[in-house]
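Me: I would like to go through how some labels in this model are justified, setting each value against its criterion.
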Amino acid sequence: MLMVSCEVVGYWALCVGFLKDNSTQVVESPSTLQEEEEPQPEEFVLVEKTEEDGVVEQIIFSSGGDVDIYDLQTLCDKVGWPRRPLSKLDAALKNSYMVATLHSIRKSPGSEGNDQKKLIGMARATSDHAFNATIWDVLVDPSYQGQGLGKTLVEKIIRALLQRDIGNITLFADSQVVEFYRNLGFEPDPEGIKGMFWYPKY
């Protein structure tokens with residue numbers, strides 16, 4: 001199990017280069033945040049580029065949790081994840097404390113209102129809303145990997161959790177992506193492995 005504590009906050013500047021105005025655009029939450037208050041949705045353009053044919057592509061970050069489960073299943077297929085029942089995917093999203101997404105929006109010249117929108121990334125967190133949170137299902141469309149988008153998703157979720165005074169943040173990582181999370185400040189449990197797993201025996 002990998003974890004990060006609330007003291008590890010020195011890497012937030014890593015995502016600044018993705019924003020148009022070089023700011024993180026995170027609104028600090030008031031210190032009197034009510035226990036039952038949910039994170040406020042946030043949406044902004046991370047990247048905007050114009051292609052040679054005049055098509056403008058924007059990559060939009062959102063923490064509003066707006067995910068079409070069919071689009072999510074397609075994204076999971078692209079990264080090679082095993083299929084999960086759609087009803088369970090839907091329940092997992094609805095019961096998450098926070099869901100962050102990346103959408104690509106392509107705008108062709110002279111085609112107002114005919115934009116092409118595609119889900120290209122997602123990450124979510126579950127939490128007890130007090131002490132602990134776990135980050136799950138971090139994925140980015142393979143054709144958009146290598147641009148720092150996965151890092152941005154994880155950083156934004158961590159920042160939102162820390163602002164809500166949740167200091168024990170964990171995640172589960174496959175062996176091939178452990179180094180990716182190390183570079184974001186996560187480390188194996190320094191006190192030894194405390195996590196244990198129970199699996200059905202069928």
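Reply: Two strands count as paired if DSSP finds at least two bridges between them. In this predicted model, the bridge partner of Ala133 in E7 is Ile169, and the chain reaches E7 from E6 through helix H3 (residues 149–163) in a right-handed β-α-β crossover.

Me: What makes E6 and E7 a pair?
Reply: Four bridges join E6 to strand E7 (residues 168–171), and the two run parallel; because the criterion asks for at least two bridges, E6 and E7 pair.

Me: How do you know that E5 and E6 pair, and in which sense?
Reply: Strand E5 (residues 116–127) and E6 share six bridges in the antiparallel sense, and with at least two required, the criterion is met. Ser127 stands opposite Ala133 in E6, while Arg124 stands opposite Trp136. The hairpin of E5 and E6 has four residues between the strands, and His129 there takes a positive phi near 65 degrees.

Me: Why is strand E6 called largely enclosed?
Reply: Buried means under 20% relative accessible area, and seven of the nine residues of E6 (residues 132–140) are buried, so the strand is largely enclosed by the rest of the structure.

Me: What makes Trp136, Phe172, Phe197 and Tyr199 a patch?
Reply: Patch residues need over 30% relative accessible area and no salt bridge, and nonpolar side chains are joined within 5 Å. These four form a nonpolar patch on the surface, with about 450 Å² of accessible area together; Phe197, one of them, lies in the segment after strand E8 (187–188).

Methods:
Residues numbered from 1 in each chain as written. Predicted model: local features only at pLDDT ≥ 70, side-chain atom pairs only at ≥ 80, totals over all residues. Heavy atoms only, no water. Patch = residues over 30% accessible without salt bridge, like charges linked within 9 Å, V, L, I, M, F, W, Y side chains within 5 Å. Areas by Shrake-Rupley, 256 points an atom, 1.4 Å probe, with all protein chains shown as cover. Salt bridge = Lys/Arg side-chain N within 4 Å of Asp/Glu carboxyl O. Buried < 20%, exposed > 50% of the residue type's maximum accessible area, 1.4 Å probe, protein only. Right-handed = clockwise from strand over helix to strand, strands pointing away.
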